[in-house]
Amino acid sequence: MQKLVINGGKTLRGELKLQGSKNSSLPIMVASLLCGEECVLKNCPELTDIYSASRILNSLGCRCRFSENTAVINSQNISTTEISEKLMLEMRSSIIFMGAVLGRTGECTVSMPGGCELGSRPIDMHLSAMRKMGAEIKEDYGRIICRVPSGRVHGARISLPFPSVGATENIILCAVTADGETVINNSAREPEICDLCSFLRKCGADISGDGESRIVINGRKKLHGCEYRIMPDRIACASYLSMVSATGGELILTDVGVSETEPFISVLEQTGCSIYTYDDRIYLRSGSRLRAVRDRIRTMPHPGFPTDAQALLMSALVTADGTSVFEENIFDCRYRHTDALVKMGADIQVLGKVAVVKGVAKLHGANVEATDLRGGAGMVVAGLSAEGITEISGISHIDRGYEKIEEAVRHLGGEIQRV
Ligand code: EPZ
């Protein structure tokens with residue numbers, strides 16, 4: 001089992017090019033299944049979750065090749081509509097193959113998806129939407145068997161009880177080639193949804209309202225292939241900004257989607273960091289010690305503060321001057337990183353959805369274990385600012401979301417090794 005070993009206390013400085021977005025690449029790779037032709041996806045990060053999506057596409061009979069951050073997917077042939085449980089368990093996004101395979105073939109068999117353990121992650125909204133679009137769904141010893149009796153899904157009016165990112169993606173993927181109009185009320189507004197819709201429009205889909213709370217899709221009989229560039233990764237952006245600010249350093253981050261990062265940088269600015277944006281660049285200069293954030297940091301659906309950045313910012317604020325308060329409103333178990341931070345000397349009290357972080361003067365290195373992707377990245381943030389050696393195990397979680405994280409950190413002057 002590999003580990004990341006960090007010799008902390010070095011100030012990070014330099015310029016870094018941001019990776020493409022994982023959470024945008026995944027649904028777009030799935031969407032390419034609907035085109036029946038070749039799609040070329042540029043700026044795809046090389047990550048384990050992306051390779052899982054590629055394995056699922058190949059298992060369905062498509063051809064997916066990967067080189068130099070470009071995925072070439074040919075979906076002319078589909079030879080099966082069933083995804084094995086083993087592949088389903090590799091990541092959460094496996095569930096959105098359901099909408100695409102159903103949309104293309106009128107049937108599919110899947111099982112519960114894997115992914116980070118952040119509390120109960122049901123798929124009730126996904127299943128209820130597929131039923132509304134004409135699917136009959138049976139559960140049989142863990143297999144979820146979906147079939148549309150007429151052979152073709154149809155449009156529907158769907159109101160989501162919560163703006164779920166995955167459910168919105170699944171419905172879009174099912175609806176773009178369905179018969180008739182689909183309206184999604186209370187749809188997720190995350191930038192990755194807009195990127196998925198931009199890709200699908202380039203393939204000939206008729207979608208409007210993405211980025212707002214009501215998306216309207218008119219099903220088209222056929223889509224075509226295209227070449228598309230994936231948007232930058234706003235959570236990787238938040239990660240590198242957190243690392244540099246925690247070490248009192250300076251960063252120029254290029255290839256950034258500045259507007260998508262605004263909910264995060266507007267909070268980071270309150271810690272006393274100077275942040276300037278220009279075109280697709282962010283410049284950050286951090287003082288010697290961060291200030292605590294005075295207002296409660298509430299995670300909310302976009303454009304609120306992103307839940308994926310909660311552990312990252314918390315790991316920078318554990319050594320800030322003063323007390324910061326977090327409120328996690330999206331997942332019911334997303335404070336698993338706090339035990340590791342406390343082991344490193346942080347003062348954090350968790351009570352239900354609230355975490356109170358009293359800034360300490362410094363952290364010390366420790367042996368810690370990543371238990372989910374962003375919590376693990378938070379441990380990298382903490383390890384870089386701590387005195388001494390931090391050994392992080394469980395790094396397969398981190399590898400799901402960060403492309404060559406140790407190279408990026410070393411490039412900025414951090415001491416980190418993969419052993
Ligand atoms: C996506 O997960 C992201 N994953 C997550 O990022 C991100 O944290 C999350 O959206 C919220 O922004 C990908 O894009 C691959 P949801 P998703 O459906 O789609 C509940 C990362 O670190 N819910 O918006 O699974 C659910 O339990 C990952 O990159 C239901 O109750 O999130 C949660 O409490 C981690 N029933 C809330 O909604 C459902 O049918 C939001 O989940 C579906 C969801």
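Arg418 is partly exposed in this predicted model, with a relative accessibility of 26%. Its salt-bridge partner is Asp399, and the closest N and O atoms of the two lie 2.8 Å apart. The pair links distant parts of the chain. Asp399 sits in helix α13 and Arg418 in strand β23, 19 residues apart. Asp399 has a relative accessibility of 18%. That value falls under the 20% cut-off, so Asp399 counts as buried.

Strand β23 takes part in a second salt bridge through Glu415. The side chain of Glu415 meets that of Lys10, with an N to O distance of 3.9 Å. Glu415 lies in β23 (residues 415-418), while Lys10 lies in the loop between β1 (4-7) and β2 (13-17). The two positions are 405 residues apart in sequence, so the salt bridge ties together remote parts of the chain. Both side chains are partly exposed. The relative accessible area is 38% for Glu415 and 29% for Lys10.

Arg400 and Asp49 form a further salt bridge, at 2.9 Å from N to O. Arg400 belongs to the loop between α13 (396-399) and α14 (405-411). Asp49 belongs to helix α2 (residues 48-59). Here the pair ties together parts that are 351 residues apart in sequence. Both partners are buried. Arg400 has a relative accessibility of 12%, and Asp49 has a relative accessible area of 2%.

Salt bridges also join into a network, which links Lys17, Arg229 and Asp255. Across the whole structure, the search finds 23 salt bridges.

Helix packing was examined next. Two packed helices are described by the angle between their axes and the distance between the axes. Helix α1 (residues 22-31) packs against helix α7 (residues 191-202) at an angle of about 30°. Their axes are 9 Å apart. An angle under 35 degrees counts as roughly parallel, so α1 is roughly parallel to α7. The crossing of α1 past α7 is right-handed.

The contact draws on residues of both helices. From α1 come Asn23, Ser24, Pro27, Ile28 and Ala31. From α7 come Glu192, Asp195, Leu196, Phe199 and Leu200. By class, the contact holds six nonpolar, two polar and two charged residues. Pro27, Ile28 and Ala31 in α1 count as nonpolar, as do Leu196, Phe199 and Leu200 in α7. Asn23 and Ser24 are polar, and Glu192 and Asp195 are charged. The polar residues therefore come from α1 and the charged residues from α7.

Backbone geometry was considered last. Most residues other than glycine have a negative phi, and most peptide bonds are trans. The bond between His302 and Pro303 is cis, with omega about 10°. Pro303 occupies the loop between β17 (297-298) and α10 (310-317).

Asn69 is not a glycine, yet its phi is positive, at about 60°. Asn69 is placed in the loop between β4 (63-67) and β5 (70-74). Its relative accessibility is 26%, which counts as partly exposed. Asp279 also has a positive phi, about 50°, without being a glycine. Asp279 is found in the loop between β15 (274-278) and β16 (281-285). At 64% relative accessibility, Asp279 is over the 50% cut-off and therefore counts as exposed.

Technical notes. Residues are numbered from 1 along each chain as its sequence is written. This is a predicted model: local features need pLDDT of at least 70, side-chain atom pairs count only at pLDDT 80 or more; totals for chains, interfaces and linings use all residues. Side-chain values use heavy atoms; hydrogens and water are left out. A salt bridge is a side-chain nitrogen of Lys or Arg within 4 Å of a carboxyl oxygen of Asp or Glu. Helices (H or I, at least four residues) and strands (E, at least two) are DSSP runs, numbered from the N terminus. Buried means under 20% relative accessible area, exposed over 50%, partly exposed in between (1.4 Å probe, protein chains only). Axes are lines fitted to C-alpha atoms, for helices over the stretch in contact, and angles run from 0 to 180 degrees between N-to-C directions. Angles under 35 degrees count as roughly parallel, over 145 as roughly antiparallel, 65 to 115 as roughly perpendicular and the rest as oblique. A crossing is left-handed if the near helix is turned anticlockwise from the far one by less than a right angle, and right-handed if clockwise. Contact means heavy atoms within 4.5 Å.
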